[in-house]
Amino acid sequence: MGKTLTRNKDLPIFFGEVQLKGERQQVGVEGKEKEERTLYYKHPHGELWKGNSIKWLESLEPESIDLIFADPPYNISKADWDTFESQEEYIKFSMQWIEQAARVLKPTGTLFICGFSEILADLKHPATKYFKGCRWIIWNYKNKANLGSDWGRSHESILHFRKTKNFTFNIDTIRIPYGEHTLKYPSHPQADSSQFGKGKKEKENWIPNPLGAKPKDVLEIPQDIIEVPTTCNGMHEKTPHPTQKPEELIRKIILASSNIGDTILDPFCGSGTTPVCAEQLQRKWKACDLSPEYLDWAVNRIELVEDWGIDKWIKYDFENQKRRNSIR
Ligand SMILES: C[S@@+](CC[C@H](N)C(=O)[O-])C[C@H]1O[C@@H](n2cnc3c(N)ncnc32)[C@H](O)[C@@H]1O
């Protein structure tokens, strides 16, 4: 892959002037009023807003969004925005934005919420009343330094809430490489014990799907970029944001749960990983964060998005996963 898929590092310059696709808006960068919400950056495919996401969500049209990816505060005092008086206060805050998120989702829409399992466990039940279903996904990483004497953490959870039973889900776009064993014996009859073989008069041969294996609800993406310095090979996307999510993880979610031209929303966009991935995958996007500093990093990343087709992004992630599997 390497050479042909080099990522952009510099913004294009024309006669000494940086060429931007979007436009930064004239707003104060002090960010003193938490309640204020202001358009920070306008792009042909999306908008970045600065302010409190609850107020921002309240201002949006009902049933206007196809997919929401939310990586909210976890209440683990990672930064001042991640500190709440109590877990009760945190749950109260979470229910406010989740209710609004459900309101703005289209009936085919879904909401993904990231968090540590022990924190999401407090949110799942009260949030359920706004949705018609939920699956619990595990994001597994293998590259996080684990200091201290407790269990080493190698996963986070992602709740996948569905507004109705008729929600968008494109499984073929996020298939994963088959394991070696499966490929060694690719064509075989379904066992009697298989739920797919049982009850059929003639057993059908199972053959591998040419697009790859079905994705599991454990997403293995060992690029927990929180711990990896900017200069590390392959970490093109890293900013100084303390809890930045890997693009590969969000690309999978966007591909699975939206279609080209859909609108993706992120109420806590930080360094802009969701709008960046939405832009890469030809979706529209709206995002919000309290911090103008983080939004500046987001603008820079959005401007640097490569002009690749969607197939190239899928291949990029598929090949990266294959390469990681081969060196394990
Ligand atoms: C976990 S981080 C998101 C990181 C992001 N996914 C990324 O890849 O960079 C949560 C973000 O929520 C923002 N935030 C916290 N409380 C907020 C609020 N009430 N309204 C808007 N943004 C908020 C923080 O500034 C922080 O950037």
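Start at the ligand: 19 residues surround it, and Asp 71, Phe 268, Gly 270, Ser 271 and Thr 273 come nearest (near here is a C-beta atom, placed from the backbone, within 6 Å of the molecule). This is a predicted model, where local features need pLDDT of at least 70, side-chain atom pairs count only at pLDDT 80 or more, and totals for chains, interfaces and linings use all residues. Residues are numbered from 1 along each chain as its sequence is written.

Color that shell by class and you'll get 7 nonpolar, 9 polar and 3 charged residues (Ala, Val, Leu, Ile, Met, Phe, Trp, Tyr, Cys and Pro are nonpolar, Asp, Glu, Lys and Arg charged, the others, Gly among them, polar).

Next, select residues 155–162. That's strand 9, with 6 of its 8 residues buried, so the rest of the structure largely encloses it (buried is 20 or more other C-beta atoms within 10 Å of a residue's own, with C-beta atoms placed from the backbone; strands are DSSP runs of E, at least two residues, numbered from the N terminus). Add residues 105–115, strand 7: this one pairs antiparallel with strand 9 over 6 bridges (pairing takes at least two DSSP bridges between strands). Zoom in on Phe 112 and its bridge partner in strand 9, His 160. Now show strand 8, residues 133–140, which runs antiparallel to strand 9 and is joined to it by 8 bridges. Ile 137 has Ile 158 of strand 9 as its bridge partner.

Then hop to residues 46–51, strand 5, where 5 of the 6 residues are buried. A hairpin of 2 residues links strand 4 to strand 5, while strand 14 (residues 284–289) runs parallel to strand 5, with 5 bridges.

Definitions and conventions: Buried ≥ 20, exposed ≤ 12 C-beta atoms within 10 Å, placed from the backbone. Helix = DSSP H or I, 4+ residues; strand = E, 2+ residues; numbered from the N terminus.
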